[in-house]
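Visitor: I should be grateful for a close look at a single part of this structure. Please set it out as one connected account.

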Amino acid sequence: MNSYSLKQLGLQTIVEEQYKQESLKIGRVATSANERYKILSPEGEFQATILGKIRFLAESARDLPCVGDWVLYQKMDGDSQAVIHQVLDRSSLLSRKAPGDKKEEQIMAANVDFVFLVNALNNDFNIRRMERYLYLVYESGALPIFVLTKKDLCDDVEDKIRAIQDIAPGTPVIAVDSLSGEGYEELYSFIKEGKTVSLIGSSGVGKSTVINRLFGKEMQKTKDIRASDHKGKHTTTHRELFVLPKGGVIIDTPGMREIQLWGTEESVHQAFDDIEALAAQCRFIDCKHETEPHCAVKDAIHKGKLDVERLESFRKLEREVRHLELKEKYGTHRASKMQWEEFRKKL
Ligand SMILES: Nc1nc2c(ncn2[C@@H]2O[C@H](COP(=O)(O)OP(=O)(O)OP(=O)(O)O)[C@@H](O)[C@H]2O)c(=O)[nH]1
Ligand SMILES: [Zn+2]
């Protein structure tokens, strides 16, 4: 049975100050399913349930423990199970909710310091998707870091890095080749004892490969990409919170993996996949199809292959379903820039 010191588990001083109850012990939630939890602590690794009172008083999912939470638990000698008495204040909380809808919230992970926004540099590169993930991280209190995988399969790495820097000035962008290990030195600078990292990115972008490389052995299963369409298959099974051999904690929950666009957004992109396909051929990845040169969308309109009204209705629908609230809030990306400036001062 593994046991870890609180520091190895990523404990930060803020949390330590809250821990004053001597009859209870502190641990970190590693998995959570149907109100059953796995706790990692200096005492070892065990299952836990929650005190009836916590469940009773919980008004929403936020009030229950989630992966990454620091909890105070009680475990009697000889008991195989512990009981969680309290969830300590969170330094960050990754969750996803429909715009304007507070009820329908999916909690993913707590007390994450850095979120790696993983995107592959090959055909899957999608700046809009990254932008939406970025808003989600801004909302959480964690710091975003872009990790661009499959550098070996891309010959315009610099252009893509620039496109990301345009949507998130000041945010680190790290391009890696997970097969050779190129770029990993920079990744390691964010992974150290006391820090908790989580990864977001669509299926097949190489999240498990990154984790395996950081771990130095096979932790999460990876599967070869289907050669025909460059898309990965859903391969990841069950994962949780784990401590890396060289220090640092990784949270890789199914919740983080399953983030998809909300139904309406997904359907806009499906309904207009002809425009999406044309847009992929524009010279600039972030082309707005307005005044940009070498725009495949405008070109198709000129050639009579695309109806200008269709483009208009695409735009209209897209405007409606995008995270307008968030876009307004973070439109200038001041939030991220300031967060990073603050953070760098502490380094
Ligand atoms: N050429 C190249 N291939 C890579 C790189 N990183 C990952 N791959 C390959 O991409 C495929 C998918 O990688 P995974 O790590 O399983 O992707 P994932 O994001 O974990 O996918 P899910 O588990 O479905 O969420 C595997 O065949 C990897 O070997 C890279 O940097 N270069
Ligand atoms: Zn265009």
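Is Cys295 buried or exposed, and why does it count so?

Guide: The model under discussion is a predicted one. Cys295 counts as buried because 21 C-beta neighbours lie inside 10 Å, and the cut-off for that class is 20 or more. Cys295 is found in the loop between H9 and H10, where helix H9 spans 273–279 and helix H10 spans 296–302. Leaving aside neighbours within four places in sequence, Cys295 is in contact with Cys282, Cys287 and His289. These contacts coincide with a database annotation: UniProt, in an unreviewed entry, places the feature "binding site" at Cys282, Cys287, His289 and Cys295.

His289 completes the view of this loop. His289, too, is placed between H9 and H10, and it counts as buried because it has 21 C-beta neighbours inside 10 Å. Residues up to four places away in sequence not being counted, His289 touches Ala279, Cys295, Val297, Lys298 and Leu311.

The wider setting is given by the division of the protein into domain 1 (13–87), domain 2 (93–260) and domain 3 (263–325). The contact between domain 1 and domain 2 takes eleven residues from each of them. On the domain 1 side, strand E1 (residues 25–33) supplies the largest share, three residues. By class, that side of domain 1 has five nonpolar, three polar and three charged residues.

The loop between E1 and strand E2 (36–41) holds Asn34, a residue that has a positive phi of about 50 degrees although it is not a glycine. Asn34 counts as exposed because it has 5 C-beta neighbours inside 10 Å. Glu35 is found in that loop between E1 and E2 as well, and its phi, near 60 degrees, is again positive in a residue other than glycine. Glu35 is partly exposed, since 14 other C-beta atoms lie within 10 Å. As background to both values, most residues other than glycine have a negative phi.

Another cysteine may be set beside those of the annotated site. Cys154 is found in the loop between strand E9 (143–149) and helix H4 (157–167). With 19 C-beta neighbours inside 10 Å, Cys154 counts as partly exposed. Leaving aside neighbours within four places in sequence, Cys154 is in contact with Leu121, Asn122 and Lys160. The C-alpha atoms of Cys154 and Ala120 are separated by 9.2 Å, although these residues are 34 apart along the chain.

Strand E9 also appears in the surroundings of helix H6 (residues 207–215), whose buried residues are Lys207, Ser208, Val210 and Ile211. These residues lie on the same side of H6, because they cover an arc of only 160 degrees around the axis. What covers them includes strand E8 (114–120), E9, strand E11 (196–200) and strand E13 (249–251). Just after H6, Gly216 takes a positive phi of about 85 degrees.

A word on confidence is in order. The mean pLDDT of the protein is 80, and 74% of its residues reach 70 or more. Over residues 223–237, however, the pLDDT is below 50; beyond near neighbours in sequence, that stretch has 23 contacts in the model. For the complex, the predictor gives an ipTM of 0.95 and a pTM of 0.75.

Note on methods: Residues are numbered from 1 along each chain as its sequence is written. Chains are lettered from A and ligands numbered from 1 in the order in which they are written. This is a predicted model: local features need pLDDT of at least 70, side-chain atom pairs count only at pLDDT 80 or more; totals for chains, interfaces and linings use all residues. UniProt positions are given in the numbering used here, feature names are shortened, and annotations may be inferred rather than shown by experiment. Helices (H or I, at least four residues) and strands (E, at least two) are DSSP runs, numbered from the N terminus. A residue is buried if 20 or more other C-beta atoms lie within 10 Å of its own, exposed if 12 or fewer, and partly exposed in between; C-beta atoms are placed from the backbone. Two residues are in contact if their C-beta atoms, placed from the backbone, lie within 7 Å. Domain bounds come from an automatic or database domain assignment. Ala, Val, Leu, Ile, Met, Phe, Trp, Tyr, Cys and Pro count as nonpolar, Asp, Glu, Lys and Arg as charged, and the others, Gly among them, as polar. pLDDT is the predictor's confidence in each residue, from 0 to 100. The arc is that of the directions from the helix axis to the C-beta atoms.
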